[in-house]
Every structure is written in C-alpha cells, then in structure tokens.
Amino acid sequence: MKRYLVTEIGELVTCAGGKKRGKAMRDVGAIEDGAFFVADGVIERVGKAEELERTYRGEERISCGGKLVTPGFVDSHTHAVFGGNRADEFAMRLRGESYMTIMRSGGGIVSTVRATRSATEEQLIAAAEKHLARMLSYGVTTAEIKSGYGLDFKTERKQLRAVGKLGERQPVEIVATYMGAHAVPEGGEADRYIAECTENILPAIAAENLAEFADIFCEKGVFSLEQSERYLRRAKELGLKLKVHADEMAPLGGAGLAARLGAVSADHLLKIRKEDIGALADSETVATILPLTAFCLGEEYAPARELIDAGAAVAAASDFNPGSCSTYSIPLLIALCCIYMKLSVEETISALTINGAAACGRENRVGSIEAGKQADFVIFSCERKEFLPYMTGMNQVKTVFKKGERVYG
C-alpha cells in the first residue's frame, strides 16, 4: 500500500464540506501550512503540517515547495468524443453568421454527426485521448463526456462505447452521458425523433449500461419543453440521472423544468428566466455555467452572480465541443469567471471542484481534499489561489495526482 504525506504547502485549498450553495461557495476551506496524508489512493487525514508531520513521522513525504494545492478540477460538461472539426463554421461566425443560422443551413451539430458516423470507434478514442491528455495538463482529473453526434442508435452506441474505453485507457475519470436528443436528425421531425429515443434508443442505452446520465438540448427551434419532459421522464424511469441543456439561446424555461424533474444539473443558462433562478436556488439541481462557450460565441454570460446571490449551487465547466466552444482552457475559464462574471476566486474554485463533482454525482468521492475522498489533487507553480486569475490565461499547473498516483508533471 502506497503511503505518503503531502507537505510544505504554501496554501492548501480543501473545498471540504460537500456541495456549496450561495455564500458558502466563498468558503474553500483554505489552510495555511496545511498537509494531508494519502494511503492507497485515498486521503486519510488533513490538517496542519506541524501536527501531521509528528503523527506520520517516518512516512514518505511529497514536498510541494511552498506552492498552492487544490483538489483536481472536475469538468462536468464536455462533448469530447466526436469526428471532424468545424473550423470553417467558426470563420463564418467571425463574419457575422449566427450559430442557429449556420445550424439551419446544414452546419452545426448535424455537420459533426456526418463526420462522427463515418469515424471508427478507434478513431474517436484516439482523437479524444489527445484532448484528455491536454485537459489533464490543466488540472482536470474528472470529466463528463456526452454522446449526441450520432442521432441514431448505432452511432450513439459507438460514441458511448468509446467514452467507456477512454475511462480505462487514460487517467482522467470519465462520466458518461447519453445525449441522443442533441438535435433533430437531417430530414427528421422532432416529435417523431423523441418517440424513437423514448421507445427504442433510451431503453437500449440503459440495458447496455452505456451511460449514467441522459441530457437533452431543450431550446427554441430544437426540442420544446413538452418534448424535453417526455424524454427526461422516460430516462428517469430507466434509471438514468438527468442533465439539461437549458436556456442557452432563448428563455424557454428549461432550467425550471430541470429543477422540477430533479435533474442533477441545468447547464448553459445564458437566458434563464428570473423565476427559474429562484427555482434552481430552491432545488438540489446544480446550475452549471459555461463561460467559454459564451466567450467563443460572443454572447452575454450566464447570470452567475445572481444565481449565487439567490442561493444556488453553481458549477463551471468547459463545454468543449467542435462547434461552439473548441477549447477546454481552465485558465481562460477562471479568468472569465472572475473578470467578466464577477465571481470571487473562491467561488470560481468551488465551481470547478466540489460543485463540478456534484454536477456529475461524484461529490462523495471527488472534488475536495478531505478524509475518505480519492487523492485527486493539483500542485501549482504559484503560492496562492489569487494567482490563478491574476496570471491571466496562464497555465500554472505543475503536477497532477489521480487516486494518489502522479499522472502529470
């Protein structure tokens, strides 16, 4: 059994205490001159270095050289398994075309669907492995990955099989989400496709245990509230936990639907209605903000400040995908949260760690440095958490540990 004491830490950010909502997001459990002991990949004890060094005298030590240590980041919303790219569409947006206009003209999600359908499972895995390796270098130790670029059972199954194998081939822990209702297939009709998903595809996905979550793009011009509710209720009946792409482009009420159905998270929220901010605050549903997407699309950011002030639990994630957000830069995400969305450094860290874990149903296992949790942690090249947004967009990750093993740096 591998045992060691992590010590000589400049600032230890623990994020202990479970999912954080409202004002509690400011409390990241920071310990000056802190230390923690790891045994067989699990954190055994956390406290002051002086005390732990006496208790664990003679055990192996890992010195952090006076640098910042945080829990591993949890990227709770990605679309990291796909074929092809959409660089041409990005250029079209730079020329003034809107995302929905491009989508209606045969681009957007359906463009990636064609490329993903033609790719082999191994090709999808190989491409995603490269992305996950870079995500790890930013301190991401757990990531959710959605399907949704098949829009038929054969390809959705291929994507989810790739997602499952990725969890076995590299160190980032993977959470699988079936998002067959990402768009209406070319030549299809929304009601008919939702019926196909609820009657045939969702049961098959659940029977093969290919995903833990189900998600849907609840959006004007894609899937209505009524269609989304049918799909989500069926997924819940089949034992899948729920996520919802909600209120990204229009105030449709997807966030309120997510809260009402007990979804684990409601994501995007750029156009969330005032009453649904209250609904999320009064629910256990995590409000997941995706500032990198708003940045890439040139849109207004989600009202994260209002959500937190109302008492919601807010997570932050990359939304890495080939169309609207071809980045997973955690340093840029931190800068956007702090500079443009008016979150404090502490709130941003909570959103990227323990609340990200809660948005993946993993808060009892990852997302914090406390006794009984997996030893997923990051050692930075800076001394304190304030340097994360201060060194704007700069990656300051030095070393990453997953389940107690050094996996980067």
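## Helices α8 and α9

In this predicted model, helix α8 (residues 225-237) and helix α9 have axes that come within 11 Å of each other and cross at roughly 25°. With angles under 35 degrees counting as roughly parallel, α8 and α9 are therefore roughly parallel to each other. If you look at the handedness, α8 passes α9 in a right-handed crossing.

The residues that make this contact are easy to pick out in the viewer. From α8 come L225, S228, E229, L232, R233 and K236, while α9 brings G254, L257, R260 and L261. Sorted by class, the contact of α8 with α9 has four nonpolar, two polar and four charged residues.

## Helices α9 and α10

Helix α9 (residues 254-261) also has helix α10 (residues 274-281) beside it: their axes come within 8 Å and cross at roughly 25°. Here too the reading is simple, since α9 and α10 are therefore roughly parallel to each other. The crossing of α9 and α10 is left-handed, whereas that of α8 and α9 is right-handed.

On the α9 side, the residues are A255, G256 and A259, and they meet D276, A279 and L280 of α10. By class, the contact of α9 with α10 divides into four nonpolar residues, one polar and one charged.

## The parallel open sheet

Next comes the sheet. Eight strands make up an open sheet with parallel pairing, and their order is β6-β7-β8-β9-β10-β11-β12-β13. At the edges sit β6 (73-75) and β13 (314-316), each of which pairs on one side only. On average, and ignoring direction, neighbouring strands of this sheet are turned by 25° against each other.

For a closer look at one pairing, take strand β10 (residues 241-246) and strand β11 (residues 265-268), which run parallel and are joined by four bridges. To find your place there, start from K243, whose bridge partner in β11 is S265.

## Helices on the sheet

Helix α6 (residues 153-169) packs on this sheet and touches both β7 (140-146) and β8 (173-181). The direction of α6 makes about 175° with that of β8.

Helix α7 (residues 190-207) lies across β8 and β9 (213-218). Relative to β8, helix α7 runs at about 150°.

## Pairings of β5

Strand β5 (residues 60-71) is worth a visit too. Strand β1 (residues 3-13) pairs with β5 in the parallel sense, over seven bridges. Within this pairing, I9 stands opposite K67 in β5.

With strand β14 (residues 377-380), β5 pairs in the antiparallel sense, over three bridges. A handy marker here is T70, which stands opposite V378 in β14. β5 thus takes part in a parallel pairing with β1 and an antiparallel one with β14.

## Overall dimensions

Finally, a step back to the protein as a whole. The protein holds 16 helices and 16 strands. Taken along the principal axes, its C-alpha atoms fill a box of roughly 70 × 45 × 45 Å.

How does the radius of gyration compare with that of a compact globule? For 409 residues, such a globule would come out near 22 Å, and the protein has 21 Å, which agrees.

Methods:
Residues are numbered from 1 along each chain as its sequence is written. This is a predicted model: local features need pLDDT of at least 70, side-chain atom pairs count only at pLDDT 80 or more; totals for chains, interfaces and linings use all residues. Side-chain values use heavy atoms; hydrogens and water are left out. Two strands pair if DSSP finds at least two bridges between them. Helices (H or I, at least four residues) and strands (E, at least two) are DSSP runs, numbered from the N terminus. Axes are lines fitted to C-alpha atoms, for helices over the stretch in contact, and angles run from 0 to 180 degrees between N-to-C directions. Contact means heavy atoms within 4.5 Å. Angles under 35 degrees count as roughly parallel, over 145 as roughly antiparallel, 65 to 115 as roughly perpendicular and the rest as oblique. A crossing is left-handed if the near helix is turned anticlockwise from the far one by less than a right angle, and right-handed if clockwise. Ala, Val, Leu, Ile, Met, Phe, Trp, Tyr, Cys and Pro count as nonpolar, Asp, Glu, Lys and Arg as charged, and the others, Gly among them, as polar. The radius of gyration is taken over C-alpha atoms; the globule rule is 2.2 Å times the number of residues to the power 0.38.
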